[in-house]
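The following exercises ask the reader to work from the sequence and the coordinates together. Each task is followed by a solution in steps.

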Amino acid sequence: MVSREHKRAALHEKLQLLRSITNSHAVNKTTIIVDASKYIEELKQKVERLNQDISAAQTSNDQNPLPMQVTVETLEKGFLINVFSEKNCPGLLVSLLEAFEELGLNILEARVSCTDSFRLQAVGGENEEQSESINAQVVKQAVLQAIKNWSEGTDQQE
């Protein structure tokens with residue numbers, strides 16, 4: 001049989017371990033246990049926040065399969081279009097140029113980099129023969145649609 005003194009020493013050792021794990025400065029066992037239960041509640045809240053962050057990140061990833069940044073600014077005669085992705089996107093340039101062509105947007109100047117990442121900076125002007133005027137929002141929507149179509153096409157090939 002284990003003596004009462006041995007049990008008491010084991011309990012004291014466990015309480016000191018609990019005290020150090022929870023960063024408690026308490027001296028008596030009741031306060032150590034109260035501090036430990038507060039610590040456990042804090043951990044539960046952290047886990048809940050992390051789970052919420054993870055589900056929010058998954059939701060945004062479902063909406064945008066690739067982390068792309070797209071901006072379209074209106075210039076005096078045309079638009080400044082910027083597309084950036086941290087990943088290389090083979091074939092995306094072709095999809096974007098086709099979207100510009102469908103819009104009737106003439107690319108006047110462009111800089112493209114597709115080595116480790118994808119970056120497109122283009123200045124596009126409206127086609128002179130086009131009867132209706134387009135705005136920056138229409139151009140941005142066309143770019144986003146081209147990215148989505150390209151992404152779905154690459155998903156099907158894999």
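**Exercise 1.** In this predicted model, determine which residues A146 is in contact with, leaving aside its neighbours within four places in sequence.

*Solution.* Step 1: set aside the neighbours of A146 within four places in sequence; the contacts that remain are S95, L96 and A99. Step 2: place A146 in the secondary structure, where it is found in helix α4, residues 136–157. Step 3: take S95 from the contacts and compare the separations; A146 and S95 are 51 residues apart in sequence, and their C-alpha atoms are 5.8 Å apart in space.

**Exercise 2.** Classify A146: is this residue buried or exposed?

*Solution.* Step 1: read the relative accessible area of A146, which is 6%. Step 2: apply the cut-off, by which buried means under 20%. Step 3: A146 is therefore classed as buried, because its relative accessible area is 6%.

**Exercise 3.** Describe how strands β1 and β2 are arranged, and state how many residues lie between them.

*Solution.* Step 1: locate β1 at residues 68–75 and β2 at residues 78–85. Step 2: establish the pairing, which is antiparallel and extends over eight bridges. Step 3: find the partner of M68, which stands opposite S85 in β2. Step 4: identify the connection; β1 and β2 form a hairpin with two residues between them.

**Exercise 4.** Carry out the corresponding analysis for strands β3 and β4.

*Solution.* Step 1: β3 covers residues 105–113 and β4 covers residues 118–126. Step 2: the two strands run antiparallel and are joined by eight bridges. Step 3: V112 stands opposite L120 in β4. Step 4: β3 and β4 form a hairpin, with four residues between them.

Methods:
Residues are numbered from 1 along each chain as its sequence is written. This is a predicted model: local features need pLDDT of at least 70, side-chain atom pairs count only at pLDDT 80 or more; totals for chains, interfaces and linings use all residues. Side-chain values use heavy atoms; hydrogens and water are left out. Two strands pair if DSSP finds at least two bridges between them. Buried means under 20% relative accessible area, exposed over 50%, partly exposed in between (1.4 Å probe, protein chains only). Contact means heavy atoms within 4.5 Å.
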